[in-house]
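Grab a coffee and open the viewer: here are some short exercises with worked solutions. Try each task on your own before you read on.

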Protein chains: 2
Amino acid sequence: MTIQLYCFGESGNSYKAALPLELARMDWEPVYVDFFNGEARGEAFRRINPMGEAPVLVAGNLTLSQSGAIQDWITEQTGQFGGTTPEEKREILRWQFWDNHKGSSQFGMTRFQVNFLPEKHRNADVIAFLQGRCRAALATLDAVLTDRDWLASDRMTMADLSCCAYLYYPEPFGFSRDDFPAISRWLDRISETPGWKHPYDLMPGSPADRA
Amino acid sequence: MTIQLYCFGESGNSYKAALPLELARMDWEPVYVDFFNGEARGEAFRRINPMGEAPVLVAGNLTLSQSGAIQDWITEQTGQFGGTTPEEKREILRWQFWDNHKGSSQFGMTRFQVNFLPEKHRNADVIAFLQGRCRAALATLDAVLTDRDWLASDRMTMADLSCCAYLYYPEPFGFSRDDFPAISRWLDRISETPGWKHPYDLMPGSPADRA
């Protein structure tokens, strides 16, 4: 049974699911969601996921959305990128929540406003506000990574595979590796993992397709 | 051993931890964080929680932040408000992530901008943007609650105790019960639970203190 992941290349949230599926060598394939033409918010897609978002994972009878819940399922299935003690498990979960609350949620929103929203709808005040939120989150991440290699353990876990997701994209949204050296080194550690792929190489869809 | 919860009344994120501690009748006490004078972002508090946020739970040797992770710990300790099957557990986790990503994260930010940010720093465009995000999240929640009583099970779980947290406050931020009847009925179901308390009755600190 091949796992299907409804996703698209520009979605860091999708990447949080696609990357561990790939690194854990699960039998999976991407199913393209045409987000930029509104597919994720349409009626047909809402029948798959009432939250109207990507990613959605379909594995036999299981249909699952929210990247954090999908990551938890991948760990349950493969034993990979999870914690080995209750403390580690809690620490991974804590960072996944932080990422959804303060990290990727802000990075993704800002990335969309700066790069993908039609220019006439962009608002400089909104972008400045969101970039301020991003900088605060990035500063927290950089400070924590200054004296450790991985967020929640002595090896790479879902905590890392969650928090990194929007930070490999080339389109600018207010994050520069030069400003956050500890984050930059950590991103290198993750991307040096055998089997790692860039989001645009792992999932269909990229700005180049719409150029 | 009395559990300590670093929190403050205006914080819906703190309420997500305080309410289940109270409903599960755990031995706990609130420790006031003077958020509005910057305590949560100060050096002393960052030694307790490098993420610089409330709530933080301290139970013996355990120091834990992020309300979702604290909720998970409360379930682990008491068996309450969790799932009884793998499917239910996943569904609870999925809603907790949704709430952190799309729900409370937006409600809390908007509530702060509209009510607590000094007026000279408020920006109408930013508030309009955030209120649009809130409406989208509330519409998703209302649609789902139209044909079920609880989000993730046939009884109240941490999914409900996470998503409801910012919706009991009297200060306006763009949510009105009249506009979302299914949410309104669900909030009543939660507040009819024996032992339920309003955030301002459960935790120290409220706008009245600063009036």
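## Exercise 1: a helix and its packing partners

The buried residues of α5(B) pack against α4 and α5 (104-116) of chain A, and also against α1, α4 (86-101), α6 (124-146) and α7 (158-163) of chain B. Keep in mind that you're looking at a predicted model.

**Task.** Find out which residues of helix α5 of chain B are buried.

**Solution.** Step one: locate the helix, which covers residues 104-116 of chain B. Step two: apply the cut-off, by which a residue is buried if 20 or more other C-beta atoms lie within 10 Å of its own. Step three: list the residues that pass, namely S104(B), S105(B), Q106(B), F107(B), M109(B), T110(B) and R111(B).

## Exercise 2: one methionine in detail

**Task.** Decide whether M158(B) is buried or exposed, then work out which residues it touches away from its own stretch of sequence.

**Solution.** Start with the location: M158(B) sits in helix α7 of chain B. Next, count neighbours. There are 29 other C-beta atoms within 10 Å, so M158(B) is buried. Now leave aside the neighbours within four places in sequence; M158(B) is then in contact with P20(B), Q71(B), T75(B), F81(B), G82(B), I92(B) and Q96(B). To finish, try K89(B): it is 69 residues from M158(B) in sequence, and the two C-alpha atoms are 9.8 Å apart in space.

## Exercise 3: the sheet of chain A

**Task.** Work out the strand order of the sheet in chain A and say which strands stand at its edges.

**Solution.** Begin with the parallel pair. β1 (residues 3-7) and β2 of chain A run parallel and are joined by five bridges, and Y6(A) stands opposite V31(A) in β2(A).

Then take the antiparallel pair: β3 (residues 56-59) and β4 (residues 62-65) of chain A pair over four bridges. A59(A) faces L62(A) in β4(A). These two strands make a hairpin with two residues between them, and G60(A) in the turn has a positive phi of about 60°.

Put together, the open sheet has four strands in the order β2-β1-β3-β4 (chain A), with mixed pairing. The edge strands are β2 (28-32) and β4 of chain A, each pairing on one side only. On average, neighbouring strands are turned by 20° against each other, direction ignored.

One more piece: helix α1 (residues 12-23) of chain A lies across β1, β2 and β3 of chain A and runs at about 150° to β1(A).

## Exercise 4: the sheet of chain B

**Task.** Follow chain B from β1 to β2 and give the handedness of the crossover.

**Solution.** First the strands: β1 (residues 3-7) and β2 (residues 28-32) of chain B run parallel, with five bridges joining them. The bridge partner of I3(B) in β2(B) is W28(B). Now trace the link: the chain goes from β1(B) through helix α1 (residues 12-23) of chain B to β2(B), and this β-α-β crossover is right-handed.

For the rest of the sheet, β3 (residues 56-59) of chain B runs antiparallel to β4(B), joined by four bridges, and L57(B) stands opposite L64(B) in β4(B). The whole is an open sheet of four strands in the order β2-β1-β3-β4 (chain B), with mixed pairing. β2 and β4 (62-65) of chain B stand at the edges with a single partner strand each, so one side of each has no neighbour in the sheet.

## Exercise 5: where the chains meet

**Task.** Say which elements of chain A touch chain B, and how the two copies are related.

**Solution.** Start with the count: 25 residues of chain A are in contact with 25 residues of chain B. On the chain A side, the elements that give two or more residues are β4, α3 (67-78), α4 (86-101) and α6 (124-146). α4(A) gives the most, with seven residues. By class, this side has twelve nonpolar, nine polar and four charged residues.

Zoom in on one helix pair. α4(A) packs against helix α3 (residues 67-78) of chain B at an angle of about 145°, with the axes 8 Å apart. R90(A), L93(A), R94(A) and F97(A) of α4(A) meet G68(B), A69(B), D72(B) and W73(B) of α3(B). That contact has four nonpolar, one polar and three charged residues.

Last, the symmetry. A turn of 180° and a shift of 0.0 Å along the axis lay chain A on chain B with an RMSD of 0.0 Å. The two copies are thus related as by a two-fold rotation axis. And 100% of the interface residues of chain A are also interface residues in chain B, so the copies meet through the same surface.

Key: Residues are numbered from 1 along each chain as its sequence is written. Chains are lettered from A and ligands numbered from 1 in the order in which they are written. This is a predicted model: local features need pLDDT of at least 70, side-chain atom pairs count only at pLDDT 80 or more; totals for chains, interfaces and linings use all residues. Two strands pair if DSSP finds at least two bridges between them. Two residues are in contact if their C-beta atoms, placed from the backbone, lie within 7 Å. Ala, Val, Leu, Ile, Met, Phe, Trp, Tyr, Cys and Pro count as nonpolar, Asp, Glu, Lys and Arg as charged, and the others, Gly among them, as polar. A crossover is right-handed if, with the strands pointing away from the viewer, the path from the first strand over the helix to the second runs clockwise. A residue is buried if 20 or more other C-beta atoms lie within 10 Å of its own, exposed if 12 or fewer, and partly exposed in between; C-beta atoms are placed from the backbone. Copies are superposed by least squares on the C-alpha atoms of residues with pLDDT of at least 70 in both. Axes are lines fitted to C-alpha atoms, for helices over the stretch in contact, and angles run from 0 to 180 degrees between N-to-C directions.
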